[in-house]
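Trainee: Could we go through this structure together?
Mentor: Certainly; please bring it up and ask as you go.

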Amino acid sequence: MSIPKLPLAHWVDIIVEWITQHLGAFFDGISAIIGTLLDIIMTVLGYGPPIILILLLTLLALYTSRWGVAIFTFIGLLLVDNLGLWDATIKTLALVIASVVITIVIGIPIGIWSSQNDKVRKAITPILDFMQTMPAFVYLIPAILFFGIGVVPGILASVIFAIPPTIRLTNLGIREVPKDLIEATEAFGSTTSQKLFKVQLPLAAPTILAGVNQSIMLALSMVVFASLVGAPGLGAEVYRAVTQIKVGEGFEAGLAIVIIAIILDRISQNFIKPQFDKTIQKKWIYGAFTIVFLVACIFAAIGQARPDLKGAGNVGSQVNYEITGIDPGAGLMKATEKAMKDYQLKKWTLKEGSAAAMTAQLKKAYEKKQPIIVTGWTPHWMFSKYKLKYLDDPKGSFGKGEAIHTMVRKGLKEDNPGAYQILDQFYWKPSDMEEVMLDIENGAKPEDAAKKWIKQHADKVSQWTKGAPKGNGKKVSLVYVAWESEIASTNVIGAVLKQEGYNVSLKQVEAGPMFAGVADGSADGMVAAWLPTTHKDYYNKYKGKLVDLGPNLKGTKLGLTVPKYMKINSIEDLKK
C-alpha cells in the first residue's frame with residue numbers, strides 16, 4: 001500500500017511565512033537590540049591597540065588558571081595579531097560573548113524553573129533533545145527570513161544550538177543538592193527564594209558553570225556556520241579559505257579559533273575557584289573587570305547614540321550604505337569590490353554571506369517594498385519571480401557578459417568517449433535554464449524539474465546525445481557549486497546521461513573544490529565554470545590540469561541589482 005507523503009515541508013513553510021508577515025515588527029525589534037549589543041561589545045573589545053586586551057585577558061587567565069595558561073594566552077593572542085587576524089578575532093569574540101550572554105539570561109532561569117517543577121522538566125526535555133540533535137545549519141534558514149542577513153541570525157542560531165547544556169546542567173545541579181540540606185533549610189523556616197539563592201544555587205554553581213562552559217564551546221563552534229549568513233569574524237576567514245582552496249590561510253584562521261577556544265575554556269572552567277583566590281578575593285578581581293567593562297560599554301553606547309537616517313534622504317541612507325553580497329571570495333564579490341572603488345563608494349560596505357542568504361534577504365525586502373541592493377547575475381530565477389533591474393555600469397566595472405563553460409578531467413575522452421561527447425555537445429539558452437530554476441524555486445525537486453524540462457525539450461536533448469554511444473553502466477561523476485543555476489544545469493545534464501545508460505553521481509561542493517576535483521581526476525567533469533570573471537582565479541590555477549570544452553551557455557550578466565520600485569538607475573546614483 002502506498003501512503004502519500006506528508007506535506008511537512010509545506011506546513012513548515014506556511015508557518016514561517018505567517019510568522020514573517022505578522023511578527024515582522026517584533027523580530028525587527030529583537031534584531032535592533034541584539035545588533036546594538038553586538039556593536040557595543042565589538043567597540044569595547046576594539047578600544048585601543050591590541051596589546052591592551054591581550055594583557056587584560058592574560059591577567060584574567062593568570063588569576064583564574066595557572067602560569068602556563070597565562071603564558072599560552074599571551075603568546076597565542078600575540079600570534080593571532082601577528083597573523084593579521086586581530087580584527088576578525090575581535091568580531092568572533094563579540095559574537096561568542098553576545099551569544100553566551102543571551103544563553104545565560106535565558107538558559108539559567110529556564111533551568112531553575114525545570115528544577116523546581118517536574119512537569120516543566122518533562123515538557124522541556126524533548127525540546128532540548130530536538131535543539132541539540134537538529135543540524136545547526138538548519139537554524140540559519142528561518143533566522144535569515146526573520147532577521148535578515150548579517151550577524152543577528154548567526155547569534156540567534158548560536159543561542160539555539162548552545163543553550164541546551166546551560167538549561168540541562170542548571171536543572172541537574174540544583175536537583176543534585178543533598179536532600180538533607182534542603183530539609184534543614186526548610187526546618188529553619190527558609191522561604192523558597194532563600195532556599196534557592198542561599199543554598200541550591202551556590203552548591204550547584206560548579207555544575208551550572210560546566211553547562212555555561214559547554215555553551216561557550218558550542219557557540220564558538222557555530223562561527224563558521226554563522227559566516228554563511230553574513231556574520232563576520234574568523235568563521236568568514238575559514239569559509240573564504242575553503243571556497244578558494246587556500247590551505248595556509250584556512251589553517252591560520254582555524255588556529256586562531258583553536259587559540260580562542262582554549263583560552264575561553266580554561267578561564268570558564270576555573271571561574272568559580274580561581275587559582276589565586278586566596279591571594280586576592282575573586283569579588284575584587286571580577287568586580288574590577290565588570291566595572292571596567294560596563295563603563296566602557298556605556299561610553300560605547302553613548303558614542304553610537306545618533307539619529308537613525310535609514311529610510312530618509314539618499315539611497316545610501318535608505319539601505320544603511322550596505323550592498324548584500326554572496327560567498328566570500330566569489331568572483332562576483334571581487335567585481336563588486338572593484339566597482340565600489342571605481343565609483344568611489346567609500347561609505348559603503350559589501351556584506352558577505354551566501355547566495356541563499358542573499359536571495360532570502362531580497363525576498364524579505366521585496367515583499368515589504370523596502371529598498372535593497374544585491375549582487376545579481378543572470379540567469380537566475382529571481383529575475384523571473386521578482387521585478388528587478390540591473391544598475392547601469394558606465395565604467396564597465398563588471399565587464400561584459402560571461403559564459404558558463406563545461407570542463408572535464410584529462411583522459412575522459414579516452415576513458416569514456418560517450419559521456420565526453422554528450423558533455424561537449426551540451427548547450428542551451430538562459431531561458432532554458434530559468435525554466436528549470438523557477439520550477440525548483442516553486443518547490444519541485446531538482447531531479448524532477450530536470451526530467452520535466454527534458455521531456456518538454458526532447459528535440460534539444462537529441463542534439464546533445466547525437467552520435468554518442470550508450471553508457472552501458474559506465475560511471476560518470478559530476479561536481480557543481482550550490483548556486484541555483486548550477487543545480488539546474490548539472491541535474492539536467494546528469495538526467496540526460498542517466499537516460500543514455502550512464503551511472504551518474506552528482507556531488508555538491510564549493511567553487512574551489514569543484515575545480516580541484518576535476519583537475520585531480522576525482523571528478524569527471526562540471527558544467528558550472530563561469531568565465532572570464534567569476535571563476536577566473538580558479539581557472540588560472542588549474543587550467544593546465546583540465547580540459548575546457550567551451551561554453552554550454554552564453555548571455556550571462558553580472559552587476560548590482562535592485563527592485564524596479566527603487567528610483568535609481570545607475571551605480572553612479574549611489575554616490576548622491
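**Leucine 78 and its surroundings**

Mentor: Let us begin with leucine 78, which counts as partly exposed because its relative accessibility is 33%. Please keep in mind that this is a predicted model.

Trainee: Where does leucine 78 lie?
Mentor: Helix H4, residues 67-82, contains leucine 78.

Trainee: Which residues form the nonpolar patch on the surface?
Mentor: Leu78 belongs to that patch along with Ile51, Ile52, Leu55, Leu56 and Leu59. Together they have about 480 Å² of accessible area.

Trainee: And which helix gives the most to the patch?
Mentor: Helix H3, residues 50-64, gives the most, with five residues.

Trainee: Changing topic: what about helix H21, how far apart are its ends?
Mentor: The end C-alpha atoms of H21, residues 430-441, are 16 Å apart. That agrees with the expected span, because 12 residues at 1.5 Å a residue should cover 16 Å.

Trainee: Which residues of H21 are buried?
Mentor: Asp432, Met433, Val436 and Met437 are the buried ones. Seen down the helix axis, the buried residues of H21 fall within an arc of 130°, so they line one face of the helix.

Trainee: What covers them?
Mentor: The cover includes strands S5 (403-409) and S9 (546-554). Helices H22 (446-456), H23 (458-465) and H24 (484-499) are also among the covering elements.

Trainee: An aspartate in that list? Why does aspartate 432 count as buried?
Mentor: Aspartate 432 has a relative accessibility of 5%, and buried means under 20%, so it counts as buried.

Trainee: Then what does aspartate 432 touch?
Mentor: Leaving aside residues up to four places away in sequence, aspartate 432 touches Trp453, His457 and Lys460.

Trainee: What comes just after H21?
Mentor: Glycine 443 is found there, with a positive phi of about 115°.

Trainee: Is lysine 400 buried or exposed?
Mentor: Lysine 400 counts as exposed, because its relative accessibility is 77%. Its place is in the loop between strand S4 (388-390) and S5.

Trainee: One last helix: which residues of H7 are buried?
Mentor: The buried residues of H7 are Ala136, Tyr139, Leu140, Ala143, Ile144, Leu145, Phe146 and Phe147. Among the elements covering them are helices H1 (8-22), H2 (24-45) and H8 (151-175).

Trainee: What phi does glycine 148 take?
Mentor: Glycine 148, just after H7, takes a positive phi of about 80°.

How values were computed:
Residues are numbered from 1 along each chain as its sequence is written. This is a predicted model: local features need pLDDT of at least 70, side-chain atom pairs count only at pLDDT 80 or more; totals for chains, interfaces and linings use all residues. Side-chain values use heavy atoms; hydrogens and water are left out. Patches are made of residues with over 30% relative accessible area and no salt bridge: like charges are joined within 9 Å, nonpolar side chains (Val, Leu, Ile, Met, Phe, Trp, Tyr) within 5 Å. Accessible areas come from the Shrake-Rupley method with a 1.4 Å probe; for residues, only the protein chains shown count as cover. A salt bridge is a side-chain nitrogen of Lys or Arg within 4 Å of a carboxyl oxygen of Asp or Glu. Helices (H or I, at least four residues) and strands (E, at least two) are DSSP runs, numbered from the N terminus. Buried means under 20% relative accessible area, exposed over 50%, partly exposed in between (1.4 Å probe, protein chains only). The expected span of a helix is 1.5 Å times one less than its number of residues. The arc is that of the directions from the helix axis to the C-beta atoms. Contact means heavy atoms within 4.5 Å.
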